[in-house]
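Me: I am new to reading protein models and would love some company. Could you take me closely through one part, the sheet and its surroundings, and explain each term as it comes up?

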Amino acid sequence: MVRKADRIWALYKGDSFITSGTIAEISKITGKTYDHLIFMTYPSYKKRKDYGNKMQMYEIDDDEE
């Protein structure tokens, strides 16, 4: 099983694509902390009320099985 930190993610703000890559790569590009980006992948973050254009992390599933 691949660790969450090693998976490929896409970062969106509302409907706008920002960037994709590993969490460490996205952190370097955006200036967001690694821990905050990890938190954005948790269900508890996704359950929070949407205040406009909230940022969201989506896992890019490249399994071709």
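Reply: Happy to help; here is a walk from the whole chain to the sheet, and then to a few residues around it.

First, what kind of model is this? It is a predicted one, in which local features need pLDDT of at least 70 and side-chain atom pairs count only at pLDDT 80 or more, while totals for chains, interfaces and linings use all residues. Residues are numbered from 1 along each chain as its sequence is written, and side-chain values use heavy atoms, with hydrogens and water left out.

The protein has 3 helices and 3 strands, and from the N terminus they follow one another as β-β-α-α-α-β. Helices (H or I, at least four residues) and strands (E, at least two) are DSSP runs, numbered from the N terminus. Of the 65 residues, 29% count as buried. Buried means under 20% relative accessible area, exposed over 50%, and partly exposed in between (1.4 Å probe, protein chains only).

Now the sheet. Strands of a sheet pair through backbone hydrogen bonds, either parallel or antiparallel. Here the sheet is open, its 3 strands stand in the order β2-β1-β3, and the pairing is antiparallel. Two strands pair if DSSP finds at least two bridges between them. At the edges are β2 (16-21) and β3 (55-59), each pairing on one side only. From one strand to the next, the twist averages 25°; axes are lines fitted to C-alpha atoms, for helices over the stretch in contact, and angles run from 0 to 180 degrees between N-to-C directions. Strand β1 (residues 9-13) joins β3 over 5 bridges in the antiparallel sense, and Leu 11 stands opposite Met 57 of β3. Helix α1 (residues 23-30) lies across β1, β2 and β3, and runs at about 130° to β2.

Which residues does Tyr 58 touch? Tyr 58 sits in strand β3 and, leaving aside residues up to four places away in sequence, touches Ile 8, Trp 9, Ala 10 and Tyr 12. Contact means heavy atoms within 4.5 Å. Tyr 58 is partly exposed, at a relative accessible area of 42%. Ring pairs also link Tyr 58 with Tyr 12 and Phe 17 into a cluster. Rings of Phe, Tyr and Trp (its six-membered ring) pair if their centres lie within 6.5 Å; planes under 30 degrees apart count as stacked, over 60 as edge-to-face and the rest as tilted.

From Tyr 58 we can step to Thr 41: they are 17 residues apart in sequence and 7.4 Å apart in space, C-alpha to C-alpha. Thr 41 lies in the loop between α2 (34-39) and α3 (43-46). Is Thr 41 buried or exposed? Thr 41 is buried, because its relative accessible area is 9%. Again leaving aside residues up to four places away in sequence, Thr 41 touches Lys 4, Trp 9, Ile 23, Lys 46 and Met 57. With Lys 4 there is a side-chain to side-chain polar contact of 3.1 Å; such a contact is a pair of N or O atoms within 3.5 Å, and within protein one must be able to donate a hydrogen and the other to accept it, while residues adjacent in sequence count only if both atoms are side-chain atoms.
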